Amino acid sequence: MIAPLAVEPSLAFVVRPGALWWDGASVTSGSPAIDAELALLVASVLAAPLVDTQAVREMYRSVGIDPTKIRPSNEALLRRVRRGDPFPRVNSLVDAVNLSSLQCQLPYGVYDRAALSGAIAVRLGRDGEVYDGIRKDTVHVAGRLTVADDRGPFGNPTSDSARAMVTTSTSDVLVVIYAPVATVPLALTRVLDATARRIAASCGGAERARWVA
């Protein structure tokens, strides 16, 4: 039995997280399923009007973060694609999640469950809390939305930790969608449905559990 994520009471009117626990993924360096979908989605993003990211930006402002200085990951990815930069390719699972983030314009995190310990909560970072980022930078999370286990923070809607990063050795993962509270539960459920289909197509495995705040 997997316990749901806890959400700090102070964030009840700020964020509505959704989560997938996924078992038995086969993570590879690339995926034909992603290759086929990526070009179509990028083309549609380039052709469409600007996607409204104001709800996510307001989520950041609600906790005192300027989203023009510390951008949500979905917005950073959208800006990258619109500049004509290559879509970042990491591995089949991370690529599937990033593609979902681009399409839905919500920040995601994906974490290797083998690196996690104990209860998991979405909360505000505490004074002095940091972690090593995936790109080797130090990520400061004091006062910021973060997801943490018994060992401390391991991710946030802008950048995730090296500790819980997904590699080709990863099998079981936790996917967290940091949706703003304005997102209705039914809409978030549909986003989880689409994300699960994409992960299954690119990596196999199966959904073990899900949760919507």
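**View 1. The second largest pocket of the predicted model encloses about 200 Å³ of space.** The structure shown in this and the following views is a predicted model. The lining of the second largest pocket is made up of 13 residues. Those that lie nearest its centre are I2, A3, W21, G118 and I120. When the lining residues are sorted by class, 9 are nonpolar, 2 are polar and 2 are charged.

**View 2. The largest pocket has a volume of about 760 Å³.** Three elements give two or more residues to its lining, namely α3 (73–83), α4 (92–104) and β3. Of the elements, α3 gives the most, with 5 residues. In total, 30 residues line the largest pocket, and S73, V94, N98, R135 and T158 lie nearest its centre. The lining comprises 14 nonpolar, 9 polar and 7 charged residues.

**View 3. One cavity of 30 Å³ or more is present in the structure.** The largest cavity holds about 40 Å³ of space. Its lining is formed by Y60, V63, I65, R144, L145, N156 and P157. By class, 5 of these lining residues are nonpolar, 1 is polar and 1 is charged.

**View 4. T170 occupies the loop between strands β8 (152–155) and β9 (173–180).** With a relative accessible area of 3%, T170 falls under the 20% cut-off and is therefore buried. Two polar neighbours of its side chain can be located in this view. The side chain of D112 makes a polar contact with the side chain of T170, at 2.7 Å. The backbone nitrogen of T167 is found 3.0 Å from a polar atom of the T170 side chain. When residues up to four places away in sequence are not counted, T170 touches A25, V27, D112 and M165. D112 thus appears both as a polar partner of the T170 side chain and among the residues that T170 touches.

**View 5. S100 is a residue of helix α4.** Its relative accessible area is 1%, so S100 counts as buried. The side chain of S100 makes a polar contact with the side chain of R198, at 2.8 Å. Beyond the residues up to four places away in sequence, S100 touches Q105, Y108, T195 and R198. R198 is therefore to be sought in this view both as the polar partner of S100 and as one of the residues in touch with S100, whose own relative accessible area of 1% marks it as buried.

**View 6. S92 is likewise found in helix α4.** Its relative accessibility is 0%, and S92 is therefore counted as buried. Leaving aside neighbours within four places in sequence, S92 is in contact with S26, V27, T28, S29, G30, S31, I34, S202 and C203. P17 provides a further point of reference: it is 75 residues from S92 along the chain, and the C-alpha atoms of the two residues are separated by 23 Å.

**View 7. Confidence in the predicted chain averages a pLDDT of 93.** A pLDDT of at least 70 is reached by 98% of the residues. Confidence is highest in strand β3 (residues 108–112), at a mean of 98. It is lowest in helix α1 (residues 32–47), where the mean is 86. Strand β3 is also one of the elements that give two or more residues to the lining of the largest pocket.

Terms used:
Residues numbered from 1 in each chain as written. Predicted model: local features only at pLDDT ≥ 70, side-chain atom pairs only at ≥ 80, totals over all residues. Heavy atoms only, no water. Helix = DSSP H or I, 4+ residues; strand = E, 2+ residues; numbered from the N terminus. Buried < 20%, exposed > 50% of the residue type's maximum accessible area, 1.4 Å probe, protein only. Polar contact = N/O pair within 3.5 Å; in protein donor to acceptor, adjacent residues only side chain to side chain. Contact = heavy atoms within 4.5 Å. pLDDT = per-residue confidence, 0-100. 1 Å grid on protein atoms, 1.4 Å probe; cavity = no way out; pocket = protein on both sides within 12 Å on 5 of 7 lines; lining within 4 Å. Points joined across faces, edges and corners; volume = space filled by probe spheres on them. Nonpolar A, V, L, I, M, F, W, Y, C, P; charged D, E, K, R; others polar.
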